[in-house]
Structure formats: structure tokens, C-alpha cells
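Student: I would like to take a close look at a single part of this structure. Could you please guide me through that part and its surroundings in one connected account?

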Amino acid sequence: MKFAVRLSILGMAFVTMFSVIGLRLWYIQVADGPAIAQAAEEQAWLTKTTPAPRGDIYDRSGNLLVTSRLVPAVFVDRTFIQPEQRPELIQRLSALLALDPAQLEAAYEDAGLNGRFQVATVHNEIAYQIVEQLRTLPGVEVVKVPERVYLTGPTMSHVIGHLGLPDARDIEERPNLDPSVRIGKLGVESFYDEPLQGVSGVQEYRVRRGNIIDQGSAVEPVPGHSIILNTDSELQQVLELALEEGIALSNDVKEVSRSRGEDVFSETKRAAAVVIDPQTFEVLALASLPDFDPQVFVAGIDNDTFQSLNETFAFNNLAVSGLYPPASTFKAITYTAIQEESLPFPSDIEGVDAENRLIHCDGQLELPELADGSPQVRPDWYAPGNLGWLDIHGALENSCNVFFWSLGLGTWQARDRVGENVIQDWAKSLGYGAETGIDLANEASGIVPTRQLFEEWAVYQLENPDEPPRLDASRLNPELRSPWFGGDLMDFAIGQGAFTATPLQAAVSYAILANGGTVMEPRLVDRIVDANGELVEDITPPMVRTVDISETTRRDLLTDLNKVVTTGTARAAFEEFGPGLELVGGKTGTGQTTATKDNHAWFIGLAPINDPRFVVAVLIEEGGSGGAIAAPVARHILQYLMGNEPTPIKAGDQTD
Amino acid sequence: MTAVINRLREVAVVRKNNRTDWLLFGTMLALSGFGLLMIYSATVATGTFSMERQMIFVAAGLIIYMIFSNIDYREYRSMVPAASVVILILLVVVFFFDPINEVNRWIPLGFFNLQPAEFAKVVVIVALATLLAPPLSRDELTGPRTLTWPKMGQACLIVAVPGYLILREPDLGTTMVFGFILFTMLFLAGASWRQMAVLSTAVVAGIAAVFRFDLLSEYQKNRIEVLFRPDQVDPQGIGYQLIQSKSAIGSGQLFGKGLFAEDSFTAFQYVPEQETDFIFTAVAEQLGLVGGLLVIVAFAIIVWRLLVISRNSRDRYGALIAAGIAAMIMFHVFVNIGMTVGMMPVTGLPLPFLSLGGSFYMAMTLALGIANSVWLMRTPVPGENQLT
């Protein structure tokens with residue numbers, strides 16, 4: 001091959017090389033250029049955000065519960081750190097702050113190019129130490145940042161909630177969140193996060209070789225709004241202490257029962273209570289035990305502490321998310337339905353005087369014999385012996401199951417005329433089976449069982465045999481016309497069966513009965529004010545609907561509820577109430593779940609009875625009898641509310 | 001005495017039409033001036049007087065160019081052994097000085113740092129040409145020009161010794177330049193396809209061995225990996241440099257942001273090492289694709305002229321020198337611009353005539369001066385020994 005040919009080959013190779021770089025240049029400047037230019041423009045300006053101080057939280061009397069204080073924090077801004085300065089900086093800073101260098105290194109890496117991140121909040125002495133050395137610590141800043149302070153400790157923790165960094169779901173729901181700024185988790189901190197949060201301040205700047213060369217105008221942070229609760233911190237403390245004593249009382253009673261050889265299944269650990277104003281639906285107090293101290297989240301909670309709290313359900317607000325059969329407390333609703341709908345008495349049953357609307361409360365209900373001649377008897381498990389013939393008033397006062405069973409049976413028998421869901425419809429119109437709409441997240445809606453619901457469940461269960469069953473297998477027998485029986489309606493009439501409700505729902509239903517039928521959404525927060533105290537939003541509980549309840553029924557019910565505490569099932573618990581016992585009322589409840597669990601103790605109290613301003617719902621989970629355990633707790637709270645000196649909590653009568 | 005004067009007159013008449021390659025010289029001068037402007041734009045805010053320094057190097061380079069243009073390139077044949085010894089000593093001497101930026105590449109001379117590796121490129125080109133195009137006897141002139149295996153081995157050795165020393169500095173980029181020059185010159189010297197295949201196989205095997213036995217340092221591996229993941233590998237150092245470089249070039253788009261545009265990466269010194277290895281980003285950002293392509297065209301003219309000189313050389317020796325210089329410049333341009341656009345690893349090869357740097361600039365003008373000498377000497381004068 002001639003030299004000239006070889007030279008030509010070389011020339012062609014060189015032409016190719018020039019073409020390749022020319023094409024590549026065209027690609028990144030013209031084809032890809034606009035996108036790169038756009039990205040470059042964004043990269044040129046750096047932003048530094050200053051978190052806004054979060055708004056304060058006050059109780060209804062203006063007591064400061066939660067605030068923010070400024071504490072020194074160490075920040076590292078990578079913009080001002082040359083790569084070769086990095087190892088020394090990390091080593092020195094981790095020594096100064098007593099941090100693991102690897103952890104600091106990881107945070108440094110996560111911050112990304114030109115990133116700025118908070119290393120830690122520090123004590124004043126360390127802050128001074130670092131400030132003195134700033135000259136030799138490039139990229140390090142000491143800045144005051146707001147830190148949350150919970151002045152009341154665990155008190156009201158379920159109302160207030162706590163703060164935490166946004167997780168993936170929060171960011172998905174609110175894409176504008178700054179992932180480095182803590183947001184409210186649980187409680188009003190979460191529900192009112194946006195007004196509390198404020199707006200972070202922003203400063204844009206450009207840097208050349210570690211020096212700021214150009215600054216945009218600074219936008220100062222706007223402090224968050226403050227909120228004023230309807231909740232009263234003193235009442236809240238009374239409530240929480242009473243619940244704690246109630247739990248202790250329940251365990252004492254269980255100890256006695258155990259020594260007598262009776263069945264006791266568990267230690268009592270959890271309880272919940274709410275106090276609402278039935279006229280305004282303001283939530284005056286709301287407690288759930290166990291609780292937690294929101295302050296532990298401020299410094300950053302370690303995993304072990306979090307897990308151990310989580311295992312006790314300390315983060316579950318049982319008052320709005322705990323579901324329990326409302327049991328005999330529901331008799332007040334059945335009572336109202338009976339009176340308002342004139343529900344029929346059953347026929348062909350012994351011990352029924354339909355003409356005078358009386359039932360013989362002798363401790364058991366004898367149903368008609370079955371086809372094979374065997375007797376059907378329902379014993380009333382708490383019947384304190386033979387109460388004789390009782391009308392509806394005596395039945396409520398003494399919580400006579402036989403009476404309400406009978407009316408359930410009568411309704412079942414006459415279902416074609418009065419409607420098979422007439423009692424359930426009353427329950428739903430009084431708030432059961434749906435969220436109350438309180439200003440808290442994770443509210444449970446509960447279950448109001450009906451024939452339709454059971455049939456849906458049955459179909460679902462047959463189609464999805466692998467999922468946990470909701471109905472007993474015997475109900476799925478294809479020979480049955482329906483998985484729903486008359487007995488289910490009878491159980492529903494006394495608040496049992498598949499029926500579940502939250503303590504708040506129970507309180508709301510009594511509030512509606514007490515105010516004559518106005519349904520509103522309960523509210524924990526009264527108003528939102530700005531940093532200067534000017535009103536931003538006045539929060540009035542929204543009206544949902546009204547329920548038609550006759551004044552006669554309302555008066556009778558309130559009178560009968562007063563009898564419960566004077567002569568009925570809560571008589572012993574209210575013995576020490578003191579002056580004004582005629583002004584309080586309430587209803588006991590003992591919720592049964594399974595044969596291997598202790599009963600849930602309920603009491604719902606009202607005062608003043610002629611025109612109630614307080615509804616108190618108390619639930620001691622697996623606490624035992626409502627009359628013995630929950631009623632004394634409610635009495636203690638009602639004593640406080642009515643201006644009496646609260647007396648010690650001790651066991652009342654074992655009742656329904 | 002009269003004879004000498006007559007002889008000179010005779011030579012002058014014959015070479016009357018052999019003027020300096022003005023296109024080559026003009027393009028070189030244009031690129032040098034343009035380079036000063038670019039260095040100024042990239043460093044005006046730093047107060048380092050980089051452009052002023054480079055002006056001194058340009059002046060020195062032009063003097064070197066003129067001197068070497070007027071020396072008969074054939075004189076170097078006899079000087080190769082001495083030049084090789086000097087350059088090898090200098091390449092060893094660099095290791096006795098304190099490293100700058102962790103590498104031993106320079107000999108500090110006070111007013112500037114001498115980088116022997118840059119001049120070694122030129123010495124190696126001349127040495128290879130001397131080896132591959134020896135003076136021939138009249139009989140050999142008619143026979144086919146072939147490359148013997150021992151000669152190929154010798155050529156490899158000429159490159160391997162300085163190449164190894166430079167690799168130890170470390171300066172992988174310059175070592176690669178040596179490889180490219182060797183490859184090109186062996187091809188032009190008449191290497192058979194088999195010889196080229198053996199050489200290629202050796203190169204591929206060498207690269208494979210390097211990866212197989214993990215001979216690259218972490219630093220060198222990073223520089224290859226960073227091409228694919230600049231935001232993850234070494235994002236503070238080379239990755240950052242690459243991202244900034246691509247951002248600067250990309251944001252220049254078709255016509256650029258304008259010379260001395262205030263809102264540019266160049267003005268803000270956002271591209272590390274911009275006035276040296278990354279000078280092309282200053283061109284492409286401020287003057288856009290148009291400016292970038294003009295620079296590429298200028299280099300294409302230089303390389304084209306060098307190949308023309310090679311084609312027209314009076315002897316194979318001059319042809320090989322010119323082609324070797326063309327290969328050197330081509331490789332620098334390809335790797336340097338390729339690096340700034342994220343296509344080639346960051347190897348620290350500067351861009352001829354544009355990048356700030358004394359040794360490199362002077363080595364380049366030296367090379368073009370020698371090439372110009374090949375051009376000036378292309379026509380044989382009666383009585384001259386033509387058999388080279």
C-alpha cells in the first residue's frame with residue numbers, strides 16, 4: 001500500500017473524529033441545550049430557608065399549653081466547603097458535637113451538592129464554643145431555630161398530638177411540604193397543621209468559590225397562627241386522673257374476684273373519656289389512656305421508646321378510634337325509639353302486659369317453645385333478682401334487659417308494620433355507625449348491624465373464605481333464610497351483638513338526646529388567631545341535621561336518667577355525690593365481647609339534668625361492670641363539673 | 001567563499017516559491033489570540049493575571065516557532081540520542097520535586113513550571129521518524145517499504161520508556177497521546193495489517209489486563225465511572241466538574257450567551273479548571289455552537305495542513321514527522337473537547353493553543369515550527385542528498 005493511501009486513510013479517520021465531537025457538541029448545545037440551560041438556571045441560585053415558628057396552643061381559659069422557643073442549631077452549608085476541607089470539617093464537627101462521624105458523613109452526603117442541612121440543636125455552651133471557632137469551620141453556621149415545647153407533658157397528649165418529619169404519604173398528600181420541617185402528627189397539631197405551620201422564610205443567593213456574590217431580597221418567615229382549644233386543661237387533668245384511678249379500681253376489684261375464684265381474664269390497662277357540651281358540641285375534655293409525652297418527639301424519639309409506647313397503644317386515641325359495644329348505655333336510645341315510634345310489645349310471651357306496657361323483669365325472658373318442644377329462655381345476666389312488673393321508666397332505671405329484649409322481639413314480630421330497621425335508624429340518626437366529624441384524624445365509624453349488613457357480610461364471607469370471618473359459620477347455613485335473626489335485633493336493643501361504637505359517639509348520641517335533637521360535629525378547637533392575637537377563624541361546630549324528638553320523651557328520659565343515679569344501677573356509685581344529686585343523671589353499661597374477655601365498663605353522665613351542659617362518657621376497657629367501675633369515675637368528674645369537691649373513686653354496684 | 005555564496009543563491013532560487021505555510025501559521029496565531037481572550041473571560045474576576053502570563057508564553061512560543069521553522073529538520077537525526085537522554089533525565093527529575101496537586105509533573109523554575117512530558121511528545125515523534133525512515137541506499141529506494149518486526153519492537157521501546165515514566169507521574173492522558181502517535185506513525189511507516197493487528201491486540205489485551213487484574217487506581221476508575229454517573233461518583237470533584245462543564249456548554253446553545261456575559265458559568269467561575277483543561281467550555285458557553293464549531297474547524301485546518309505537509313514532504317522522514325504532529329494535535333483536540341462534553345474520561349489533556357499552560361503551548365509551537373520546516377524544505381536542491 002502506498003504512503004499516500006495510508007495518509008488518506010488517516011485523514012478519513014481524523015475527519016470522523018472531528019465529526020464525532022462536532023455532533024456531540026450539537027447534541028448537548030442544540031438538541032439537549034434548552035433543557036440543560038433550564039437546569040443550569042435553576043442551579044445558579046441557591047435558596048436558604050428559615051423555618052417559621054409554629055403557632056402556640058392555648059386551652060379555653062387562655063392557658064398556654066404548647067409553644068415554640070428558639071434554640072441554637074448547627075447547620076452545615078456545603079456550598080461554602082471545598083472538597084478538600086470536607087474530611088477535617090466532619091472530623092472536627094463530630095468531635096465538637098459528640099456525634100458519630102459516620103452519621104454526619106451520611107447526612108452530608110444526603111444533603112447533595114450545595115446542600116444545607118441541620119446537624120443538631122445544641123446547648124448554649126456548645127453553641128458559643130462553635131461560634132468562637134467559626135472562622136476555621138467553613139460552611140458551618142449557628143442559627144436559632146424554633147423548637148416545640150409541650151408545657152403540660154403527657155396531659156392532653158391525644159388532643160394535642162406531636163410533631164414529626166413528614167413521611168412519604170404526607171409528602172404525597174401535600175407536595176409543597178418541606179421535607180426537613182416537622183409537621184403535626186396526631187391531635188390538633190396534625191389536624192390544624194397548615195394554620196399552625198406558618199410560612200418559611202426564603203433567601204436566594206449565588207455563590208462563587210465559596211463567597212456569596214449576589215443575593216435576592218430576603219423573605220422573612222411568617223409565624224404560624226395560634227389555636228385556642230375548647231378543652232379545659234384543669235378538667236382534662238381531673239379526667240385523666242379519674243381514668244387512672246378507674247383503671248386502678250378495676251384492677252383492685254379484679255384482684256378480689258380472682259381471690260374468690262371468679263373468672264378474670266386480663267389486667268385493666270386502657271380507658272377513654274370525653275366531656276362535651278351538648279348545646280355547642282364543644283369538646284371540653286378528651287382523654288385516652290395510656291398516653292405519651294409529646295416532648296419525647298422533639299429531640300427525636302429512638303426506635304425502642306417508640307416501639308414500647310406503640311405496643312401499649314399509647315398513640316391510639318381510644319376516645320375516637322376505640323370500638324366497643326355500647327351495651328346498656330344504648331338503652332337510652334332504644335328507650336327514645338320505643339317512645340317516639342310507639343314500638344309494639346311482643347305477643348305470645350309470658351310476662352308481657354302489652355295493654356299497660358309492662359314487662360315482668362324476673363331475670364329471664366321465656367320465648368315461645370321451639371318446634372321440637374324445647375324451651376327457649378334468655379337469662380338476664382345482671383338481674384339483681386326479681387324486680388317485678390316494670391314500665392319503661394323503671395326498666396331504664398334498673399337497666400332491665402328483659403324489658404328491652406321484649407321490645408326488640410315485639411319490633412321483630414311487627415317488622416312489616418313498623419319497619420325492621422326502626423331502632424337502627426334511630427341509632428344512625430343519633431350518630432352511630434358514622435364518624436362524628438370531630439377535628440381529629442383516624443376517627444372510627446363503628447358498626448350498626450342490620451339484616452342488610454349481615455347479608456352483605458355473608459356473601460362477602462362466602463366469596464372470600466380466606467379472610468377473617470365476621471359472622472359465625474352457623475349463620476351461613478344455606479337452609480337459613482337470612483343470617484340475621486330476631487335475636488340479633490333483641491341484642492341490638494340492649495347495645496350488644498355486632499354493634500360497636502366509640503366513646504365519642506356514645507357521648508354525642510346523649511348530647512343529641514339532651515339538646516332535643518340537634519346534631520353537630522364536635523370541635524376541639526374554638527378559634528384560630530394570628531401571632532398578634534387577631535381572630536383569623538372562629539370555629540363553630542357545624543350543624544349536621546336535626547332529629548325530631550318530642551319534648552315529653554326528652555323530659556322523661558332525663559328524669560329517668562336521674563333516677564339511675566339516685567335509685568337505679570348507679571345509686572351506690574353516686575352515693576357520695578354530695579349536694580345537687582338531683583341535677584345529674586346517667587346510664588351504666590357493661591359491654592360483653594367474647595367469653596374469654598372481661599367486660600367493658602361504661603358510664604355516660606349528664607348534668608345539669610334539666611338542661612344539660614355536660615355529657616361525660618367514660619369507658620374502662622375490659623374494666624368490668626359499668627355500675628361498679630365506670631360510674632364512680634364519671635361521678636368524680638361530674639362532682640368537679642357541678643362544683644362539688646370530688647370524692648375518692650371506689651367501687652359501685654355490680655350491674656349490667 | 002564565493003562557492004558558498006553561489007550555493008546559497010542557488011538554494012534561494014530553488015526555494016523561492018517555498019514560503020512558510022501561512023494558512024497553518026495564521027490559524028495557529030488566530031487560535032492563540034482567541035485563547036488569550038477566552039482565558040481572560042474565564043479569569044477576569046480572579047485577579048490572577050492568567051491572560052498576561054499566557055501572553056508571555058505565546059510570545060516565547062512564536063519565537064520558538066520561527067527558530068525551528070528555519071532549522072533544517074534533517075539536522076535532528078543526529079541529535080535524537082542526545083535529546084532523548086536530556087528528556088529522559090528531565091522526566092526522572094520531576095520525581096525529585098514536591099508534588100503539585102498530588103502529581104509529579106513539573107520542574108519548578110521560579111518564573112514557571114516546566115513540564116518535560118510536553119516536550120517529550122515532540123522528541124518521541126522525531127525519534128520515531130528517525131527510526132522508521134532511515135537514510136536509504138540507492139538500491140533500497142526502488143524496493144517496497146516495509147516495516148520489520150525488530151524495528152516495530154524498537155519503536156515500541158522508544159515510546160515505552162518515557163511513556164512509563166509519565167504514567168508514573170501519573171499522567172495517563174499524555175501516555176495515551178504517546179500510544180496514539182506510535183500507532184499512527186507505525187501505520188504510515190508501512191506496518192502490515194498483521195503488524196497492526198498484533199499491536200491492536202496488544203493494546204486491547206493490555207486494557208483487558210488492566211481491568212481484569214484491577215491495575216487502575218481507584219482515582220482512575222472513578223474517572224471512567226464518573227462519565228456515566230457524574231452525580232454519584234465523586235460529585236464534589238470530577239463529577240462536579242463534568243456536570244458544570246456540560247451545564248455551561250449546554251446552556252450556551254446555538255449562539256452562546258455572548259462574550260463576557262454576566263450571567264454565565266464562565267463569569268462566575270462555576271467550572272473548575274476552566275482556563276486550563278476546560279477552556280473549551282468558555283468558548284461554547286459564550287459563543288455557543290457556532291463558536292465551538294469554528295474552533296473545531298480551525299483545528300481541522302491545522303490537522304489538514306499537517307497532512308498536506310506530510311504528503312508533500314521531500315522524504316519519508318519529514319512525512320512521518322508531520323503526520324506524527326498531526327496525530328498528536330488530533331488526539332489532544334478529540335480527548336479534550338470530548339471530555340468537556342462528557343464523552344471522554346477526564347484525563348487532563350489541554351486544548352492546543354487555547355489552554356493556559358506554558359510548557360504545553362511552547363511544545364505545540366515547537367512542533368508546528370518543525371512541521372513548517374518540513375514544508376519549507378520540501379523541494380530538493382540540486383546536489384542535495386535526496387536519499388532519505
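**A buried leucine and its surroundings**

Tutor: A:L343 counts as buried because 20 C-beta neighbours lie inside 10 Å of its own C-beta atom, and a residue is called buried from 20 such neighbours upward. Please keep in mind throughout that this is a predicted model.

Let us place the residue in the chain. A:L343 lies in a loop of chain A, between helix α13 (331-341) and strand β13 (352-353). Which residues is A:L343 in contact with, leaving aside its neighbours within four places in sequence? They are A:A337, A:I338, A:L407, A:G410, A:T411, A:V418 and A:V422. A further pair shows how distant parts of the sequence are brought together: A:L343 and A:I423 are 80 residues apart in sequence, yet their C-alpha atoms are 9.3 Å apart in space.

We may now turn to the sheet that contains β13. Three strands of chain A form an open sheet in the order β13-β14-β17, with antiparallel pairing. Its edge strands are β13 and β17 (388-390) of chain A, each of which pairs on one side only. Strand β14 of chain A, residues 358-361, pairs with β17(A) in the antiparallel sense over three bridges. Within this region, A:I359 stands opposite A:L390 in β17(A). Helix α15 of chain A, residues 401-413, packs on the sheet and touches β13, β14 and β17 of chain A. The direction of α15 makes about 135 degrees with that of β14(A). As a general point, the strands of a sheet pair through backbone hydrogen bonds, in either a parallel or an antiparallel manner.

The whole chain provides the setting for this part. Chain A has 22 helices and 24 strands. Of its 656 residues, 44% are buried. Among the contacts in chain A with a separation of 6 or more, 71% join residues 24 or more positions apart.

Finally, chain A also touches chain B. The contact takes 29 residues from chain A and 36 residues from chain B. On the side of chain A that touches chain B, the elements giving two or more residues are α1 (3-31) and α2 (33-44) of chain A. The largest share of that side, 17 residues, comes from α1(A). By class, the side of chain A that touches chain B has 18 nonpolar, five polar and six charged residues.

Conventions. Residues numbered from 1 in each chain as written. Chains lettered and ligands numbered in written order. Predicted model: local features only at pLDDT ≥ 70, side-chain atom pairs only at ≥ 80, totals over all residues. Helix = DSSP H or I, 4+ residues; strand = E, 2+ residues; numbered from the N terminus. Buried ≥ 20, exposed ≤ 12 C-beta atoms within 10 Å, placed from the backbone. Contact = placed C-beta atoms within 7 Å. Nonpolar A, V, L, I, M, F, W, Y, C, P; charged D, E, K, R; others polar. Pairing = 2+ DSSP bridges. Axes fitted to C-alpha atoms, helices over the stretch in contact; angles between N-to-C directions.
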